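Visitor: I'd like to hear how the labels on this model get decided. Could you put the structure up first?

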Amino acid sequence: MKFYELSRQERLAQLQQQGILSATSSEYLLNKPALSDQVLSAMVENNLGQFNLPFGVADNFVIDGQSYLIPMVTEEPSVIAAASNGAKRVAAGGGFTTTVKERLLKAQVIIANVTDFADFTARFNEITDNLKQVANDAHPSIVRRGGGLHHFSINQVGSKFVEVELWIDPVAAFGANLANTIAEAVAQYLQTNMLNDQELITAAILSNSGQKMLAKVTCKVPFEVLATKKMSGQQVAQRIATLNDFAHLNADRGATENKGILNGVFAVALATGNDVRALSAATAAYLNAQNPTVLSTWQADLKTQTLLGQLTLPLTIGSVGGAINSLPGAQISLEILQQPTVEKLMGIMASVGLANNLAALRALVTSGIQAGHMRLQSANLAIQAGATGSEITTLQQQLNQANRADLALAQALLQQLRDKKGEQEND
């Protein structure tokens, strides 16, 4: 049987047999224990309990020559199926290739009422060695691990502001608390030792721009694996490239294409305990600064008979720290991913985003997006109608056979199903 055809228990047993999951992790997922009161109270204020979301894996991924199952947390049907579908087609061309050139987190010390930037610069240059020491002393443990302040610079902003840029190597963590700690220490030193009476520290805090945390992923998809019964692979590839060209010219279409990419990226981020709000902010900043309307680019190469895909996006994530260490589910996700470095995790997330993008574009230019999506959505429709237990699967099958499925039809079919069952029990 194919992996998606197995029951949940059978999937967990298979992953344990393959050495992907430990017995402890398999048992945890099988029995779904809630977080303890102590963990909940430590993570959020006024906690009421645990909010559960579905946790699954996408398969068929080959990334930088290594095979992966990708843990994903999402409430939306078809996201995991689309990721697996796109990854299978990319694997036929050798898989995804990823690059992370640098990984530096920015913090800002914002100073107001600077009337003479040249004078400010001269005073600042006199204390740069001291500032480096202040930054190192603020968080010595990160320095011992090879991280900490990488470099800094100053910028004039408008007519009265100066920005002190602190570029920090957070090692394996995202580093928000680290950046804030260093920024506040630097700000305190500047206020005490350099600024004049009118100059004012306005804020000292990290930036979520993610401009030096970029991941790039590329792939080559053979035309032949894109073909449908009615359309050749070359036709499909050319239509995908054409639709992507339109997205680069039209912000409305670009927004929807980007959402499909982030379906995959956010699902992996949630599974690994990362901050999707930080990813949202970084993506918005990147789109605004670079001025693209869409994150991905697709081109049909007739010479090689391949569809060439590329995606670049900022990934402000970590592989240790914060919720990542506190959430057992996040630790299990990293176990499934074979304990990747943070750079590898960035490449994995980017690859999933491009896989989801490919699957969505192929569906759009062939059968349409609803055909596959609604087959999976029908299970949710069955649940909304009130189906429970085995009724969900039976009702889902009936809805998939209908020309048009909606809640009214689901409720009617459920009533028929229960009436029939009642009649059989009375016979």
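Guide: Sure. Helix 1 and helix 2 come out as roughly antiparallel to each other. Bear in mind that this is a predicted model, where local features need pLDDT of at least 70, side-chain atom pairs count only at pLDDT 80 or more, and totals for chains, interfaces and linings use all residues. Residues are numbered from 1 along each chain as its sequence is written, and side-chain values use heavy atoms, with hydrogens and water left out.

Visitor: What makes helix 1 and helix 2 roughly antiparallel?

Guide: Helix 1 (residues 8-17) and helix 2 (residues 23-31) pack at about 170°, and over 145 degrees counts as roughly antiparallel (under 35 is roughly parallel, 65 to 115 roughly perpendicular, the rest oblique).

Visitor: Why is helix 4 called roughly perpendicular to helix 14?

Guide: Helix 4 (residues 79-91) and helix 14 (residues 342-365) pack at about 95°, their axes 7 Å apart. That makes helix 4 roughly perpendicular to helix 14.

Visitor: Why is the pair of Phe-120 and Phe-124 called stacked?

Guide: Rings pair if their centres lie within 6.5 Å, and planes under 30 degrees apart count as stacked, over 60 as edge-to-face, the rest as tilted. Here the centres are 6.4 Å apart and the planes at 15°, so Phe-120 and Phe-124 are stacked.

Visitor: And what is the pair of Phe-124 and Phe-152, stacked or edge-to-face?

Guide: Edge-to-face: 5.6 Å centre to centre, with 90° between the planes of Phe-124 and Phe-152.

Visitor: How do you know whether Phe-152 is buried or exposed?

Guide: Buried means under 20% relative accessible area (exposed is over 50%, partly exposed in between; 1.4 Å probe, protein chains only). Phe-152 has 17%, so Phe-152 is buried.

Terms used: Axes are lines fitted to C-alpha atoms, for helices over the stretch in contact, and angles run from 0 to 180 degrees between N-to-C directions. Helices (H or I, at least four residues) and strands (E, at least two) are DSSP runs, numbered from the N terminus. Rings of Phe, Tyr and Trp (its six-membered ring) pair if their centres lie within 6.5 Å; planes under 30 degrees apart count as stacked, over 60 as edge-to-face and the rest as tilted.
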